[in-house]
Amino acid sequence: MRSLLLLVALLTGFAAAKAQTHYVPHVWLGGHAGMTMSEMSFSPSVRQSMASGFTAGLAFKYAEERHVGILAELNIAQRGWKEDFEDAPFNYERRLTYIELPVMTHIFFGSQKFKGFVNLGPVIGYMMGDKITADFDYEHPDMVPGFPLTNRSTEQMSMEIKNKFDYGITAGAGCEFIIKHRHAFSLEARYYFGLGNIYPSSKKDTFSASRGTSILVTLGYMFRIK
């Protein structure tokens, strides 16, 4: 966390130092959509694989002519996880749908037609949906013939989610193509690291950590209004 904040401060300070006295503010509005690949950071650990989902949202960007701006988004994003049963013929996936608000430092560089950029900053979110898809009785796995119980945690499959509020840090990089100064198309890959637990995490509880992580890849369009 400290290293990330230091990096933001250094990059922002470097861009401000290079800037001259004349700035032309840019204001952009747009949207984006794409896919997510998510898993949970459980402690004790849980055998799992990444679950796929979607993300989409609206974006507002305020940027100076030089190198630094602010990017705020209002998104819907799917997170969650898939249980890994190795060679056993079972399937379980839990999909968590959030509405989230990232507010990021937007650092960009390049020409008037093509730019590279880096986004990083905090995210807050609230869970709107919780959907479980399974082909067995996940509430009573010990009653399922052939279910691999050895060295496996199963409580997470049926536990009720207690903490719907989420917060974390996101960072991403991408490129942007600008057409006729007012139309911009972007491609971005982003990583989200959650800091909030979905399950209770006191010493008496099953999990001391249950945090979400995601990789997001999105295509976006923005229109310059100023």
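**Contacts, cores and charges in a predicted model**

Let's start with one residue. Thr154 touches Pro141, Phe147 and Leu149, leaving out anything up to four places away in sequence. A word of caution: this is a predicted model. Thr154 sits in the loop between β6 (114–134) and α2 (155–158). Buried or exposed? Its relative accessible area is 17%. The cut-off for buried is under 20%, so Thr154 counts as buried.

Now the nonpolar core. The largest one has 19 residues. Phe147, which we just met as a contact of Thr154, is among those with the most contacts inside this core. The others on that list are Phe42, Trp81, Phe85, Phe136, Ile198 and Tyr199. Which strand gives the most? That is β5, with three residues.

Take Ile198 from that list. Setting aside neighbours within four places in sequence, Ile198 is in contact with Met40, Trp81, Leu96, Tyr98, Met127, Ile161, Lys162, Asn163 and Ser210. Apart from the largest core lies another, of seven residues. Ala59, Met104, Ile178 and Ala184 are among them.

On to the rings. The whole structure holds 15 aromatic pairs. One of them is Phe42 with Phe207. Their centres are 5.1 Å apart, the planes are at 40 degrees, and the pair is tilted. Phe42 is in strand β1, and Phe207 is in the loop between β8 (183–194) and β9 (209–224). So this pair ties together parts 165 residues apart in sequence. Both partners are buried: Phe42 at 7% relative accessibility, Phe207 at 2%.

Next, Trp81 and Tyr92. Ring centres are 6.3 Å apart and the planes are at 40 degrees, so this pair is tilted too. Trp81 belongs to strand β4 and Tyr92 to strand β5, 11 residues apart. Trp81 and Tyr92 are both buried. Now put the two pairs together. Phe42, Phe207, Trp81 and Tyr92 belong to one aromatic cluster, along with Tyr138 and Tyr199.

Two charges sit over rings. Lys61 lies over the face of Trp28, 5.2 Å from the ring centre. Arg79 lies over the face of Tyr98, at 4.4 Å. Tyr98 is also one of the contacts of Ile198.

Last topic: salt bridges. Side chains of opposite charge can pair when their charged atoms come close. How many salt bridges does a search of the whole structure find? Nine.

Glu86 pairs with Arg47, with the closest N and O atoms 3.5 Å apart. Glu86 is in the loop between β4 (68–83) and β5 (92–110), and Arg47 is in the loop between β1 (26–43) and β2 (48–49). So the bridge ties together parts 39 residues apart in sequence. Glu86 is exposed, at 58%. Arg47 is partly exposed, at 32%.

Asp130 pairs with Arg94, and here the closest N and O atoms are 2.8 Å apart. This bridge links strand β6, home of Asp130, to strand β5, home of Arg94, 36 residues away. Asp130 is partly exposed, at 39%. What about Arg94, buried or exposed? Arg94 is buried, with a relative accessible area of 3%.

Glu160 and Lys162 also meet in a salt bridge, 3.7 Å from N to O. Glu160 is exposed at 56%, and Lys162 is exposed at 51%. Lys162 is a contact of Ile198 as well. Finally, salt bridges that share partners join Glu73, Glu188 and Arg190 into one network.

Terms used
Residues are numbered from 1 along each chain as its sequence is written. This is a predicted model: local features need pLDDT of at least 70, side-chain atom pairs count only at pLDDT 80 or more; totals for chains, interfaces and linings use all residues. Side-chain values use heavy atoms; hydrogens and water are left out. Helices (H or I, at least four residues) and strands (E, at least two) are DSSP runs, numbered from the N terminus. Buried means under 20% relative accessible area, exposed over 50%, partly exposed in between (1.4 Å probe, protein chains only). Contact means heavy atoms within 4.5 Å. A salt bridge is a side-chain nitrogen of Lys or Arg within 4 Å of a carboxyl oxygen of Asp or Glu. A nonpolar core is a set of buried Ala, Val, Leu, Ile, Met, Phe, Trp, Tyr and Cys residues joined through side-chain atoms within 4.5 Å. Rings of Phe, Tyr and Trp (its six-membered ring) pair if their centres lie within 6.5 Å; planes under 30 degrees apart count as stacked, over 60 as edge-to-face and the rest as tilted. A charge sits over a ring if NZ of Lys or CZ of Arg is within 6 Å of the ring centre and within 35 degrees of the ring normal.
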